[in-house]
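Here are some short exercises to work through with the model open beside you. Try each task yourself before reading the solution under it.

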Amino acid sequence: MHPRNRYQGHYDLAVLFKLEPRLEAWSMLTPSGKLSLNFSEPEAVKLLNKALLKQWYQLQWALPDDHLCPPIPGRADYIHHLADCLAEDLPTNHGPQISVLDIGCGANCIYPLIGSAEYGWRFTGSDCQPESIRAAQQLLAMNTGLTRSIRLRRQKEQSKIFDGIIQPKEFYHATLCNPPFHSSAQAAAEGTARKNNHLGIAEHQLNFAGRYHELWCPGGEVGFITKMIEESVLFQQQVLWFSTLVAKQQSLAPLRKVLTDHSVPVRREIEMAQGNKKSRLLVWSFHNKRQRKELVKPA
């Protein structure tokens with residue numbers, strides 16, 4: 001994990017049970033006799049997130065059923081790596097002068113919450129589903145001051161990503177995204193079955209939940225990120241760093257080709273790991289270091 005990640009290998013369950021007493025009902029002993037949680041249960045994961053956000057950031061958090069429930073440590077890792085990119089070009093990577101766009105913030109609004117708490121960034125969160133925007137707005141209202149630092153916009157055209165969200169004369173120091181992984185509902189169901197088998201769950205349930213637009217789209221993550229790269233060309237003067245999570249190692253090769261085909265000069269692949277789960281960040285910019293310095297220089 002990133003060295004600045006507050007989670008470094010274990011949960012203090014005694015503290016978390018005090019912060020969220022309902023979480024203790026999902027405790028269990030591992031074969032070695034250690035106290036742990038039943039991570040195969042969606043409610044356990046949701047309550048764990050609620051306790052972690054309260055412990056680390058003093059945030060109140062809730063999530064409607066059937067929406068994507070993200071792992072907090074992994075999402076925090078993304079934020080910290082993005083902050084490292086920004087530190088290359090800015091006097092400081094902290095503060096409200098830094099503006100970040102979250103594509104597909106979802107009902108959980110997790111990246112804006114963590115980025116605002118850790119670094120004081122200002123966020124715009126977009127989503128194509130009205131119910132996700134409403135749930136995220138309720139989340140912000142639960143926490144004093146967040147409606148001033150995080151704004152939400154609905155993407156009215158599901159075939160578009162940045163278009164319709166980034167407005168004329170707006171500038172973002174970074175964009176981030178957790179794209180749909182799967183290419184179809186069937187692929188998502190098969191992924192759920194594999195995950196459940198690994199966790200020893202008989203039922204066809206996904207412990208991180210998620211609605212269809214959060215889990216799959218035509219072309220899967222390669223199709224979605226390809227579209228993102230294509231649109232990023234149009235907004236290259238309004239964004240310093242574009243980025244996205246890439247779940248599958250095999251997705252990188254076709255995405256590298258897309259970046260090459262669109263003459264993107266600066267690109268990075270950042271490996272991340274949480275337990276046995278590995279993922280990576282794909283980060284790109286249309287500007288070299290000197291150009292980035294000019295782009296963010298005060299007028």
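**Exercise 1.** Work out whether Ser126 is buried or exposed, then find its surroundings.

*Solution.* Step one is the accessibility: in this predicted model, Ser126 has a relative accessibility of 3%. The cut-off for buried is under 20%, so Ser126 counts as buried. Step two is the place in the fold: Ser126 belongs to strand S4, which covers residues 122-127. Step three is the list of contacts. Setting aside neighbours within four places in sequence, Ser126 touches Asp102, Ile103, Gly104, Cys105, Arg153 and Ile165.

**Exercise 2.** Take one of those partners, Cys105, and decide if it is in a disulfide.

*Solution.* Begin with the chemistry: a disulfide is a covalent bond between the sulfur atoms of two cysteines. Now find the nearest cysteine sulfur to that of Cys105; it belongs to Cys109 and is 5.0 Å away. A disulfide needs the two sulfur atoms within 2.5 Å, so Cys105 is in no disulfide. By this rule the count for the structure comes to 0 disulfides. Finally, check the accessibility of two cysteines: Cys105 is buried at a relative accessible area of 2%, and Cys69 is buried at 3%.

**Exercise 3.** Describe helix H9: how far does it reach, which residues are buried, and what do they pack against?

*Solution.* Start with the span. H9 runs over residues 220-232, which is 13 residues. From its first C-alpha to its last, H9 reaches 18 Å, close to the 18 Å expected at 1.5 Å a residue. Next, pick out the buried positions: Gly220, Glu221, Ile225, Thr226, Met228, Ile229, Glu231 and Ser232. Last, follow their contacts outward. The buried residues of H9 pack against strands S6 (172-177) and S7 (239-246), helix H10 (252-261) and strand S9.

**Exercise 4.** Strand S9 comes up again here: look for cavities in the structure and describe the lining of the largest.

*Solution.* First, search the whole structure: 1 cavity of 30 Å³ or more is found. Its volume is about 140 Å³. Second, turn to the lining, which has 13 residues; the closest to the centre are Gly74, Met272, Gln274, Lys277 and Ser279. Third, assign the lining to elements: helix H3 (72-87), strand S8 (266-274) and strand S9 (277-285) each give two or more residues. Fourth, sort the lining by character, which yields 6 nonpolar, 3 polar and 4 charged residues.

**Exercise 5.** Examine the backbone of Asp66 and Ser263, then say where each residue sits.

*Solution.* Take Asp66 to begin with. Its phi is near 75 degrees, a positive value in a residue other than glycine. Asp66 lies in the loop between helix H2 (42-57) and H3. With a relative accessible area of 55%, Asp66 is exposed. Now do likewise for Ser263, whose phi is also positive, about 55 degrees, although it is not a glycine. Ser263 is found in the loop between H10 and S8. At 59% relative accessibility, Ser263 counts as exposed.

**Exercise 6.** Step back and summarise the protein chain by its elements, burial and contacts.

*Solution.* Count the elements: the chain has 11 helices and 9 strands. Then look at burial: of the 299 residues, 53% count as buried. To finish, consider contacts with a separation of 6 or more; residues 24 or more positions apart account for 70% of them.

Terms used:
Residues are numbered from 1 along each chain as its sequence is written. This is a predicted model: local features need pLDDT of at least 70, side-chain atom pairs count only at pLDDT 80 or more; totals for chains, interfaces and linings use all residues. Side-chain values use heavy atoms; hydrogens and water are left out. On a 1 Å grid over the protein atoms alone, a cavity is a set of points where a 1.4 Å probe fits but cannot get out, and a pocket is an open set with protein on both sides within 12 Å along at least five of seven lines; lining residues have an atom within 4 Å of a point. Grid points are joined across faces, edges and corners, and a volume is the space filled by probe spheres set on the points. Helices (H or I, at least four residues) and strands (E, at least two) are DSSP runs, numbered from the N terminus. Ala, Val, Leu, Ile, Met, Phe, Trp, Tyr, Cys and Pro count as nonpolar, Asp, Glu, Lys and Arg as charged, and the others, Gly among them, as polar. Buried means under 20% relative accessible area, exposed over 50%, partly exposed in between (1.4 Å probe, protein chains only). The expected span of a helix is 1.5 Å times one less than its number of residues. Contact means heavy atoms within 4.5 Å.
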